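Grab a pencil and work through these exercises with the model open beside you. Try each task before you read its solution.

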Amino acid sequence: MWAFPILLVIPNIVLCFTEGYGIAGIVANLMLPFGVYTLLCSWSRNIGRTVWLCLPLSIYAAFQIVLTFLYGESIIAIDMFLNVATTNFGEATELLANLGTAICVVVVLYLPPLVWGAALMRAHRHTARSPRRTARKVGAMATVIGVVATIAACASSRGYSPTRHIFPINVISNTAGAVTRYHDTQAYKDTSAAFRFNSRSAHAPGENEVYVLIVGETCRADNWQLLGYERPTNPSLYGRTDIIACPRALSESNTTHKSVPLMLSPLSAETFGDSIYFVRSIFDAFNEAGFHTAFISNQQRNGSFIDFFGEQADTCHFIADDPRAERNDMHLLALLRRQLSDAGSGKQFIVLHSYGSHFSYKERYEPCFRKFTPDHDDNASRGNRAQLINAYDNSIVATDSLIAGVINSLSALPDSVSAALMFVPDHGEDIFDDDRERFLHASPNPTYWQIHVPIVMWMSEHYRTRHPLEYTAALNNSHRNISSSRSVFDTLLSLAGICTDHSRPWRALTDTAYREEPRVYLNDYNEGIRLKFSGMHTEDFEMFRNKDICVE
């Protein structure tokens, strides 16, 4: 009766150190949950049954502790619940295999009470009336103190809210938010059915043109030789004079299920939350302009907007739909060439969604790309960072080869075809880069490494000859501050000469009207907030300064 409330409040104690609450916030975060837990455990004399009825609270507490081991801060976010729902089994097991310490801690903390509770129920052991009365008094007193502290925190701190700052109230609220978002996402086809781009092409009707977008996965700009990395991770692209690389690009989200739809739609962080359920994707914009469109993905279907957007293309192919298929990004090349051959001449727009550098890194490349060794990344720890980086860099070498292969395929087209390519990843990754020992991505608060991404562009000689203004503008804009999330859509439309009711030429890297916009981040509540308020730390802003990247 006394031990169980204390175990449940352990995440609250940790959050008091990681979240920077004020005094009133700390008292509220500790006393209110502890008081309620104590009242629950003293309400019935059948404490074993009560412990099992509180199983959801135990699960929340365990999940929160695992999250703290992983990211070192914050609560279970809405995006975390959605990630659980949309992550395939293979990725999940790869991650859990490297969280052994966290899993052992939660098993030690929260499994014994369940076993003990079951034993008490089986033995018909109950709590005496006198201790329950004492516990009720303590619980009621703690609850009152917690309520008063909550009121004081709301009055003294702007933006303070129990649904965002008191565990597990905030996590229960986030669970409801995740369920609502998932339901709204599944209704997307109905809510977006009436949307139209009213696209029109300014290029000659008889011009043969092919545009390819490669959506990368978990790609850190800092590990690209093209952008100044000391290692030769871009052996195929480095030194080419026809490559345009952008060193100051930031993503507006560190989660795939948000960042990719941002790139493939006319939305930005400020408009995503209100409009994502009602807009169509870039495939419709190209379809309306007379292009044959294709979406080829090396990811698994997960019921997200990425699936729905891809299905708007004339051709939609998920490699993982065939369990016998080879899950290798280089296989995308063969499918691209087949698509180019099947569609013949004319106007084509093709999106390749790669598996890229998603952990486990060593599983993302063939032996021929094993350039840096040792590359065993089974142990995800600060002490094993050198091997993790080796494996990660090898995955970048494989991505470099994929991009070069696509360029070679486009270069092999007849000279009369205008062709262009754009490579943009969804987000980056933490790999134990500083004393915070952060790992992976999709944390509730982003970091420099999670949102600093590379952008690579290529245009064929025929394209550069026919459309020199777009090529010159891309060169001139490449070193400016760029949002990958809001620039991809308009840049691709600009490359193809497509105008729509939703065109914003000032966001197209290939337009002389391009202008830098304030840095914005799409937070867990689907709010577009200024980057400096995103929860980043001093270490992150120091990295931005070192790279001469504006965060205002």
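Before we start, one definition: two strands pair if DSSP finds at least two bridges between them. Also keep in mind that this is a predicted model.

**Exercise 1. Get an overview of the protein.**

Task: Work out how many helices and strands there are, and how the radius of gyration compares with the globule rule.

Solution.
- Step 1: Go through the secondary structure, and you end up with 23 helices and 14 strands.
- Step 2: Now take the radius of gyration, which is 26 Å. The globule rule gives 24 Å for 552 residues, and the two values are close, so the protein is as compact as a globular protein of that length.
- Step 3: Check the extent along the principal axes: the C-alpha trace spans about 90 × 50 × 45 Å.
- Step 4: Look at burial. Of the 552 residues, 58% are buried.
- Step 5: Finish with the contacts that have a separation of 6 or more: 75% of them are between residues 24 or more positions apart.

**Exercise 2. Trace the sheet.**

Task: Put the strands of the open sheet in order and find which ones sit at the edges.

Solution.
- Step 1: Follow the pairing from strand to strand. The 8 strands come in the order β5-β4-β6-β2-β7-β10-β3-β11, with mixed pairing.
- Step 2: Look for strands that pair on one side only; these are the edge strands, β5 (315–318) and β11 (482–483).
- Step 3: Zoom in on β4 (residues 292–297) and β6 (residues 347–353). They run parallel and are joined by 6 bridges. Within this pair, F295 has V351 of β6 as its bridge partner.
- Step 4: Add the helix that packs on the sheet. Helix α18 (residues 385–411) touches β2 (208–216), β3 (243–250), β6, β7 (417–425) and β10 (452–459), and its direction makes about 165° with that of β7.

**Exercise 3. Two enclosed strands.**

Task: Find out why β7 and β10 can be called largely enclosed, and describe how they pair.

Solution.
- Step 1: Count buried residues in β7. You get 9 of the 9, so β7 is largely enclosed by the rest of the structure.
- Step 2: Check the two faces of β7. V417, A419, L421, F423 and P425 are buried on one side, while S418, A420, M422 and V424 are buried on the other.
- Step 3: Do the count for β10. Here 8 of the 8 residues are buried, so β10 is largely enclosed by the rest of the structure. H452, P454, V456 and W458 point one way, and V453, I455, M457 and M459 point the other way.
- Step 4: Now list the pairings. β2 and β7 are parallel, over 9 bridges, whereas β7 and β10 are antiparallel, over 4 bridges. β3 and β10 are antiparallel too, over 6 bridges.
- Step 5: Pick out residues that face each other across strands. V212 is opposite L421 in β7, L421 is opposite W458 in β10, M422 is opposite M457 in β10, and A245 is opposite V456 in β10.

**Exercise 4. Find the cores.**

Task: Which residues have the most contacts inside the largest nonpolar core?

Solution.
- Step 1: Start from a general idea: in soluble globular proteins, nonpolar side chains tend to be buried together.
- Step 2: The largest nonpolar core here has 87 residues, and V212, V406 and L410 have the most contacts inside it. Helix α18 gives the most to this core, with 13 residues.
- Step 3: Take V212 and skip its neighbours within four places in sequence. Its contacts are L336, I350, L352, V406, L410, A420, L421 and M422.
- Step 4: Another core lies apart from that one; it has 56 residues, among them Y188, F195, I282 and F286.

**Exercise 5. Spot the unusual backbone.**

Task: Where are the cis peptide bonds, and is L440 buried or exposed?

Solution.
- Step 1: Look at omega. F167 and P168 are joined by a cis bond with omega about 5°, and P168 is in the loop between α10 (162–165) and α11 (169–186).
- Step 2: Another cis bond runs from F359 to S360, with omega near 10°. S360 is in the loop between β6 and α18.
- Step 3: Now phi. L440, in strand β9, has a positive phi near 75° without being a glycine.
- Step 4: Buried means under 20% relative accessible area. L440 has 9% relative accessibility, so L440 counts as buried.

How values were computed. Residues are numbered from 1 along each chain as its sequence is written. This is a predicted model: local features need pLDDT of at least 70, side-chain atom pairs count only at pLDDT 80 or more; totals for chains, interfaces and linings use all residues. Side-chain values use heavy atoms; hydrogens and water are left out. Contact means heavy atoms within 4.5 Å. Axes are lines fitted to C-alpha atoms, for helices over the stretch in contact, and angles run from 0 to 180 degrees between N-to-C directions. A nonpolar core is a set of buried Ala, Val, Leu, Ile, Met, Phe, Trp, Tyr and Cys residues joined through side-chain atoms within 4.5 Å. Buried means under 20% relative accessible area, exposed over 50%, partly exposed in between (1.4 Å probe, protein chains only). The radius of gyration is taken over C-alpha atoms; the globule rule is 2.2 Å times the number of residues to the power 0.38.
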